[in-house]
Amino acid sequence: MRTIVLWFGLLLWAVSCSDRRPDDPLKAFDRVREVSWELDRGLPADSLGNPEFLHAAGGRLIFVEPKADRMLQIYDPASGAVVRMQPRGNGGNELANIHQIGTFPSDSGDAFYLFDLFTRKIFIYRLSDGAFVLADKRQAPESINTFSFLSSDRMFGCTSDESRYARFDTTGRTDCRLGDYKAFGLTIPVGSGLLQGLSLAVPSPEGGERYAWFSFYGAGFQIVESAPDSCRIIADVLYKLPVFEVHTTPSNVEYSTFRQQTEIGYPAVTTDGTYIYALYNGHTLDEIIVNRDLAWRSRHVCVYDWEGRPVLLLNSDCDLRTLAYDEVSGRLYALGMTPEGMYELRYLETAVLPGIRTGN
């Protein structure tokens, strides 16, 4: 999700990783594969406006267009059916915007959630009689900015107070905190806005859960092991730092500004439960000023395992935007663009990728 996104200990990373990591994420991969993405011809070519997120649940694809009157478009590749839902607004069953979409844990894998950062509403949808319906509404804890559900009643994510990460239950109670912003010369208000990113979570082999955060600015990620009685960072990978300055107003309020050489890291991530697929961008803010759309597009998909190890680099034959893994079909979906500037749905069969164990 484009979670516009939040994260890490920069100075600490620079010291611990600078002598053992390349400064380009693409150079970390020993195995590289050139891939062609198939065009999905079932979705009407003119049905997509300007989707910001793409998610898969219950064999359906959910396109999120926060600026549309109905912000969700649900597409069933098996039948070709397309449904519009979730009106935009400030009512009780409406969202003002959609900041994040993610998987909501369920035995059947047919649920997802939406998060509105402005109203702090969480909407949970489940598949019922072939259609997604609003099943639950919750209020997010005040300090959490981007997160994933570890279970139906526990969340883990980035916070804007006391620590870098925290684990919350449904009442907002916190039982696990780790990391901080001060370790890299940042205060919490500046750090939480500067270190934006995307969140994922899966069950852990050890019986708990694993949470991954991928940076939007710069390039790096962290993976956290969440056990019943503790949390620990198991992967801490930094390739590139954002280039920024911290300023102080006359009233002693801190704020940050990026320099134009700052690069965009990962604008989209998804997982099949065994591997993480991260779209790596690499364009600078200077380039994006000329063409804003460059911030979300790339031809490079980095595949990591849940230990944080690089597995495979996929070089695409077309520009991509968004990513979503559909566990029903085993396909990795993304949005491409036609020469006329219209979005089109494309997919990659993960079963044909070398070294990828499918069916998990």
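**Exercise 1. Describe how strand E25 is covered and paired.**

Solution. Strand E25 covers residues 331–337 and is mostly covered, with five of its seven residues buried. Strands (E, at least two residues) and helices (H or I, at least four) are DSSP runs numbered from the N terminus. Buried means under 20% relative accessible area, exposed over 50%, and partly exposed in between, with a 1.4 Å probe and protein chains only. The model is predicted: local features need pLDDT of at least 70, side-chain atom pairs count only at pLDDT 80 or more, and totals for chains, interfaces and linings use all residues. Residues are numbered from 1 along each chain as its sequence is written, and side-chain values use heavy atoms, with hydrogens and water left out.

Step 1, the pairing with E24. Strand E24 (residues 310–326) pairs with E25 in the antiparallel sense over four bridges; two strands pair if DSSP finds at least two bridges between them. Arg 321 is placed opposite Leu 335 of E25. Four residues separate E24 and E25 in a hairpin, and Gly 330 in the turn has a positive phi of about 75°.

Step 2, the pairing with E26. Seven bridges connect E25 with strand E26 (residues 343–349), again in the antiparallel sense. Tyr 333 has Tyr 347 in E26 as its bridge partner. This hairpin has five residues between E25 and E26, and Gly 341 in its turn has a positive phi of about 90°.

**Exercise 2. Set out the two open sheets, E15-E16-E17-E18 and E7-E8-E9-E10.**

Solution. Step 1, the sheet with E15. Its four strands follow the order E15-E16-E17-E18 with antiparallel pairing. E15 and E18 are the edge strands, each pairing on one side only. The twist averages 15° from one strand to the next; axes are lines fitted to C-alpha atoms, for helices over the stretch in contact, and angles run from 0 to 180 degrees between N-to-C directions. E15 and E16 run antiparallel and are joined by seven bridges. Leu 200 stands opposite Ala 212 of E16.

Step 2, the sheet with E7. Here the order of the four strands is E7-E8-E9-E10, with antiparallel pairing. Strand E7 (100–103) and strand E10 (131–139) each have a single partner strand, so one side of each is left without a neighbour in the sheet. From one strand to the next, the twist averages 25°. E7 runs antiparallel to strand E8 (residues 111–116), with four bridges between them. Gln 100 has Phe 115 as its bridge partner in E8.

**Exercise 3. Which residues of the largest nonpolar core touch the most other members, and which elements contribute to this core?**

Solution. Step 1, the members. A nonpolar core is a set of buried Ala, Val, Leu, Ile, Met, Phe, Trp, Tyr and Cys residues joined through side-chain atoms within 4.5 Å. The largest one has 22 residues, and Phe 214, Phe 221, Tyr 239, Tyr 266 and Tyr 304 touch the most other members.

Step 2, the elements. Those giving two or more residues include strand E15 (197–203), strand E16 (209–215), strand E17 (219–227) and strand E18 (230–240). Strands E22 (275–280) and E23 (298–305) also give two or more.

Step 3, one member. Contact means heavy atoms within 4.5 Å. Beyond four places in sequence, the contacts of Tyr 266 include Pro 25, Leu 198, Phe 214, Tyr 239, Leu 279 and Tyr 304.

Step 4, the other core. Apart from the largest core lies another of 20 residues, among them Val 311, Leu 320, Leu 332 and Leu 353.

**Exercise 4. Which cysteines form a disulfide, and why are Cys 158 and Cys 302 not bonded?**

Solution. Step 1, the bond. A disulfide is a pair of cysteine sulfur atoms within 2.5 Å. The search of the whole structure finds one, joining Cys 176 to Cys 231 with an S to S distance of 2.0 Å. Cys 176 is in strand E14 (residues 174–178) and Cys 231 in strand E18, 55 residues apart. Both Cys 176 and Cys 231 are buried.

Step 2, Cys 158. Its closest cysteine sulfur, in Cys 231, is 13 Å away, too far for a bond. Cys 158 is buried, with a relative accessible area of 0%.

Step 3, Cys 302. The closest cysteine sulfur belongs to Cys 318 and is 16 Å from that of Cys 302, too far for a bond. Cys 302 counts as buried because its relative accessibility is 0%.
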